[in-house]
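Student: Please pick one part of this model and look at it closely, explaining each term as it comes up. I would like to see how that part fits in with what lies around it.

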Amino acid sequence: MPREDTVLKLDLGRSAERFCKPSLETPEHILEIWERSRSNWHWPQLPQPILGPSEDGQFPFQNYRITLDKDTLGQGDLYLENLFDHLIVHYTFCPRSLETSGNLALSATQVLMEPALARIMVNIFTDIVADSFRLERSPEDEEKVLLGWKRLASQEEISEMDKVILGFLAEYWNVNLPRRGCPEVGLILRVFSPGVRDKNLWIRQCQQLSRVLEPLNPGLLGKGPVRSEELLSGYAEAVPLAALANTLEPGKYEKALAVLGLQGDLKRWYRDQSYSVQVRQRSGARVGWYPSGPIKWRLTDPPSEMDIPYSLSLSPRLIPGVTTYKRDQESSLMTGLDDEVPDLLVVLDSSRSMEGHHPGTKTHKATLAAFKASRFAHQEGAEVAAINFSEKYLVQEWTRDLGAVEDILVEDLCARTSIPGEVILKLVEERPGCLILCITDTQIQNFYLEWDNIKRASEVARLILFCIDEAHKDKQVEGALRNLGTVYYINQLDDLVSLVAEVTESIYLGPRSDDINSDRSNS
């Protein structure tokens with residue numbers, strides 16, 4: 001169904017002032033139509049529509065709800081139900097999620113240069129898929145499905161692109177819509193010949209559709225933002241698109257997000273990737289063990305577990321497995337301990353030898369590891385500071401503003417390597433006992449000039465050094481580094497992120513242990 005303003009319209013006999021601002025007082029009969037549409041699609045959890053004005057032909061998400069204006073409401077109850085069904089299928093089938101929308105946007109941008117035009121192509125594609133799916137699911141709904149497309153065809157001036165889509169749908173659905181004999185219709189029929197249900201084909205189909213429609217001028221179809229559950233619910237900006245970020249370079253990632261109407265930058269690129277790095281979460285409670293009812297003590301049980309007084313109270317003779325008893329143990333959740341959380345100082349090398357912000361480089365892996373460690377420490381309640389160094393350096397002092405820390409970490413200074421030991425010492429002295437995570441390739445020209453400052457910092461705080469280098473190259477240097485703290489040598493660059501995550505996790509949560517019996521024995 002076309003997105004002609006995709007905002008609902010019906011003359012309710014009320015003054016125009018009624019629609020000067022959104023209203024939550026939606027008429028009862030409109031809510032009945034909405035509930036009927038929801039029942040057609042297994043009651044999706046979507047907010048009720050509200051009344052409000054259209055805005056320059058865009059679909060307004062006032063208060064993150066479907067907003068209706070009086071003009072579309074005037075098309076009648078069947079048209080309204082059709083529009084509700086159409087939108088519900090967008091939010092539950094195609095594209096449904098921002099992840100799917102992002103992949104479709106990426107496929108369109110491989111053909112088109114303008115994000116606005118790519119957004120139109122994604123919207124047209126999802127409109128075709130949504131209404132084709134509705135017809136396949138219930139052929140009896142043909143009259144209802146065609147209402148919006150017939151309304152588009154009745155417009156006095158529509159673009160060449162709109163005419164081609166109408167001609168394609170007339171052939172594809174074999175319905176009464178204006179037909180058009182042109183090569184584009186045949187090409188689009190070939191694109192959709194496998195059908196619309198196979199989601200694995202959507203990316204290629206969207207790309208091929210974009211290639212066919214590229215020379216044509218856009219019209220009424222495809223206006224407005226790309227549909228998604230996250231956009232309707234109001235948290236699109238916070239949704240991590242890890243699958244896109246993990247496969248795209250920063251520039252392409254930003255371009256794909258621009259199609260979705262989102263702001264993409266280097267910081268979000270790293271942040272979205274960091275969500276795919278798994279770490280344990282701190283448990284809100286600890287487990288306590290206590291004795292419960294008696295059970296039989298057998299010869300295979302430790303002698304210390306036998307409850308001798310209870311056993312003798314039942315029988316004057318102790319017969320193993322017959323008159324001997326012990327207390328069973330049960331567990332319960334107890335209030336978690338209030339452990340002190342060390343603050344975190346991230347020291348990140350962004351010199352020329354780290355190779356810059358491209359997938360697979362030292363800079364990429366080191367920055368991603370720093371993002372994950374910073375976010376994890378922040379979630380545990382720590383304050384975070386950051387130093388990004390090369391020949392010069394950038395500093396973010398102790399803060400709970402994670403965004404400010406990430407702004408420092410994504411900078412690429414790209415010069416010689418000179419570690420600012422004095423600045424590290426100053427920050428550490430402000431937070432004695434903090435954790436220092438330093439990620440570098442160890443090609444530091446002034447390391448021994450700053451040795452005294454770094455040594456003093458390692459005595460005040462806990463220093464963990466991640467060296468992107470081979471071990472055993474220089475035993476004298478390795479011996480000196482071991483005097484500073486824990487040193488990890490990374491031979492395989494892909495291991496860096498997981499190693500930093502595991503080390504950070506072990507410091508803030510303690511070592512892993514899946515042996516519950518060890519907790520029992522210590523209780």
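Tutor: A residue is called buried when its relative accessible area is under 20%, exposed when it is over 50%, and partly exposed in between, with a 1.4 Å probe and only protein chains considered. This is a predicted model, in which local features need pLDDT of at least 70 and side-chain atom pairs count only at pLDDT 80 or more, while totals for chains, interfaces and linings use all residues. Residues are numbered from 1 along each chain as its sequence is written, and side-chain values use heavy atoms, with hydrogens and water left out.

Before the close look, some background on the whole chain is useful. The protein chain has 21 helices and 10 strands, where helices (H or I, at least four residues) and strands (E, at least two) are DSSP runs numbered from the N terminus. Of the 523 residues in the protein chain, 51% are buried. A contact means heavy atoms within 4.5 Å, and among the contacts in the protein chain with a separation of 6 or more, 73% are between residues 24 or more positions apart.

The part I have chosen is helix α16. Seven of its eight residues are buried, so α16 is largely enclosed by the rest of the structure. The buried residues of α16 are L402, G403, A404, V405, E406, I408 and L409. The elements that cover them include the helices α13 and α15 and the strands β5, β6 and β7. At the N-terminal end, α16 is capped by D401, which has a side-chain oxygen 3.2 Å from the backbone nitrogen of G403; for such a polar contact, two N or O atoms must lie within 3.5 Å, and within protein one must be able to donate a hydrogen and the other to accept it, while residues adjacent in sequence count only if both atoms are side-chain atoms.

One of the buried residues of α16 carries a charged partner. The side chains of E406 and R271 form a salt bridge, with 2.6 Å from N to O. This pair joins distant parts of the chain, since E406 belongs to helix α16 (residues 402–409) and R271 to helix α13 (residues 266–274), 135 residues apart. The term salt bridge means a side-chain nitrogen of Lys or Arg within 4 Å of a carboxyl oxygen of Asp or Glu, and the structure holds 23 of them. The two partners are not covered alike: E406 counts as buried because its relative accessibility is 1%, whereas R271 counts as partly exposed because its value is 22%.

Of the elements that cover α16, helix α15 (362–379) can be followed further. Its 18 residues reach 26 Å from the first C-alpha to the last, close to the 26 Å expected at 1.5 Å a residue, the expected span being 1.5 Å times one less than the number of residues. Since 17 of the 18 residues of α15 are buried, this helix too is largely enclosed by the rest of the structure. Just after α15, G381 takes a positive phi of about 100°.

Moving on along the chain, we come to the loop after α16. R416 meets E391 there in a salt bridge, at 3.1 Å from N to O. E391 sits in the loop between β6 (384–389) and β7 (393–399), and R416 in the loop between α16 and α17 (421–430), so that the pair, 25 residues apart, links distant parts of the chain. Both residues are partly exposed, because E391 has a relative accessible area of 42% and R416 one of 49%.

Beyond R416 come T417, S418 and I419, which are in contact with N446 when its neighbours within four places in sequence are left aside. N446 lies in the loop between β8 (435–440) and α18 (451–460), and its side chain reaches the backbone nitrogen of I419 at 2.9 Å. N446 counts as buried because its relative accessibility is 12%.

For comparison, consider a salt bridge elsewhere in the chain. D131 and R134 meet through their side chains at 2.9 Å, N to O, and because they are three residues apart in helix α5 (residues 115–137), about one helical turn separates them. With relative accessibility of 0%, D131 counts as buried, and R134, at 2%, counts as buried as well.
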